[in-house]
Amino acid sequence: MKIFPATFCLVLCLTATQGLAQQGQPGAHFIENWDIDGDGTVTAEEAAERRGDLFVTFDSDEDGFLDGEEYGQFDAARQADMESQPGFGRGGMKRVADGLVREHNDSDGDGKVSREEFIGNAAAWVAVIDSNGDGVVTSADFGPAR
């Protein structure tokens with residue numbers, strides 16, 4: 001897998017920020033990784049930019065698609081990161097994980113995910129995570145009643 005300087009930081013964040021997240025604050029790890037401007041919210045635009053960074057990182061043959069092997073590498077990295085977080089597989093964290101699986105992103109069903117498919121699903125993904133419907137994702141979207 002190739003890693004460019006900008007995306008190296010993202011991959012490092014995906015694996016290292018668990019220690020920075022406040023214990024017990026729902027969704028803190030997600031917000032820290034996806035909130036580009038540091039305002040405590042994740043917008044569809046920020047999600048699209050981060051998804052673009054991830055795509056470049058895992059498209060090892062640079063053909064503009066994540067094939068089965070490349071998506072498998074992405075799944076493994078994402079799974080390891082998510083399992084280390086409180087609330088994995090429940091509530092808001094389940095919505096985060098579900099929006100990144102291949103089946104969700106392979107819009108045309110051809111078995112591979114294009115850059116356009118992956119980035120193009122950002123707004124819908126944010127809308128699913130945004131449980132209170134205010135147009136952005138904050139820690140409030142990860143609370144126990146969500």
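Q: What makes up the roughly 7,100 Å² that the protein exposes, and what share do carbon and sulfur atoms supply?
A: In this predicted model, the exposed surface of the protein is about 7,100 Å², and carbon and sulfur atoms supply 56% of it. On the buried side, 43% of the 146 residues count as buried, the cut-off being under 20% relative accessible area.

Q: What elements make up the secondary structure, and in which order do they run?
A: There are eight helices and two strands. Starting at the N terminus, the order is α-α-α-β-α-α-α-β-α-α.

Q: What share of the contacts with a separation of 6 or more comes from residues 24 or more positions apart?
A: That share is 56% in this protein. A contact here needs heavy atoms within 4.5 Å.

Q: Why is helix H3 called largely enclosed by the rest of the structure?
A: Let's count: 11 of its 15 residues are buried, so H3 is largely enclosed by the rest of the structure. Among the buried ones are Ala44, Ala47, Gly52, Leu54, Phe55 and Phe58. The list also includes Glu46, Arg50, Arg51 and Asp53.

Q: How do you know that the span of H3 agrees with its number of residues?
A: The expected span is 1.5 Å times one less than the number of residues. For the 15 residues of H3 that gives 21 Å, and its end C-alpha atoms are 21 Å apart, so the two agree.

Q: Which residues of the largest nonpolar core touch the most other members?
A: They are Phe30, Phe118, Trp125, Val137 and Phe142, out of 24 residues in that core. The helices that give two or more residues to this core are H2 (28-34), H3 (44-58), H4 (68-83), H5 (91-98) and H8 (122-129).

Q: What makes Phe30 and Trp125 an edge-to-face aromatic pair?
A: Two values decide this. The ring centres must lie within 6.5 Å, and planes over 60 degrees apart count as edge-to-face. Phe30 and Trp125 are 5.7 Å centre to centre with 80° between the planes, which fits on both counts. Since Phe30 lies in helix H2 and Trp125 in helix H8, the pair ties together parts that are 95 residues apart in sequence. A search of the whole structure finds nine aromatic pairs.

Q: Why is Phe30 called buried?
A: Its relative accessible area is 3%, and buried means under 20%. Its partner Trp125, at 1%, is buried too.

Q: How do you know that the charged end of Arg51 sits over the ring of Phe118?
A: The distance part of the test asks for CZ of Arg within 6 Å of the ring centre, and the charged end of Arg51 is 4.5 Å from the centre of the Phe118 ring. Phe118 also belongs to an aromatic cluster with Phe55, Phe58, Tyr71 and Phe74. Phe74 has a charge over its ring as well: the charged end of Arg78 sits 5.5 Å from its centre.

Q: What makes the phi of Glu62 worth a look?
A: Most residues other than glycine have a negative phi. Glu62 has a phi near 55°, a positive value in a residue other than glycine. Glu62 is placed in the loop between H3 and strand E1 (65-66).

Q: Is Glu62 buried or exposed?
A: Its relative accessible area is 55%, and exposed means over 50%, so Glu62 counts as exposed. Ser60, found in the loop between H3 and E1, has 36% relative accessibility and therefore counts as partly exposed. The C-alpha atoms of Ser60 and Glu70 are 7.0 Å apart, with their positions 10 residues apart along the chain.

Q: Why does Ala97 count as buried?
A: Its relative accessibility is 12%, to be set against the limit of 20%. Ala97 lies in helix H5, and, leaving aside neighbours within four places in sequence, Ala97 is in contact with Arg78 and Met82. Its C-alpha is 9.9 Å from that of Ile129, a residue 32 places away in sequence.

Q: What makes Gln79 partly exposed?
A: Gln79 has a relative accessible area of 32%, which falls between the 20% and 50% limits, so partly exposed is the right term. Gln79 is found in helix H4. From Gln79 to Ala97 the C-alpha distance is 8.4 Å, and the two are 18 residues apart in sequence.

Conventions:
Residues are numbered from 1 along each chain as its sequence is written. This is a predicted model: local features need pLDDT of at least 70, side-chain atom pairs count only at pLDDT 80 or more; totals for chains, interfaces and linings use all residues. Side-chain values use heavy atoms; hydrogens and water are left out. A nonpolar core is a set of buried Ala, Val, Leu, Ile, Met, Phe, Trp, Tyr and Cys residues joined through side-chain atoms within 4.5 Å. Buried means under 20% relative accessible area, exposed over 50%, partly exposed in between (1.4 Å probe, protein chains only). Helices (H or I, at least four residues) and strands (E, at least two) are DSSP runs, numbered from the N terminus. Accessible areas come from the Shrake-Rupley method with a 1.4 Å probe; for residues, only the protein chains shown count as cover. Rings of Phe, Tyr and Trp (its six-membered ring) pair if their centres lie within 6.5 Å; planes under 30 degrees apart count as stacked, over 60 as edge-to-face and the rest as tilted. A charge sits over a ring if NZ of Lys or CZ of Arg is within 6 Å of the ring centre and within 35 degrees of the ring normal.
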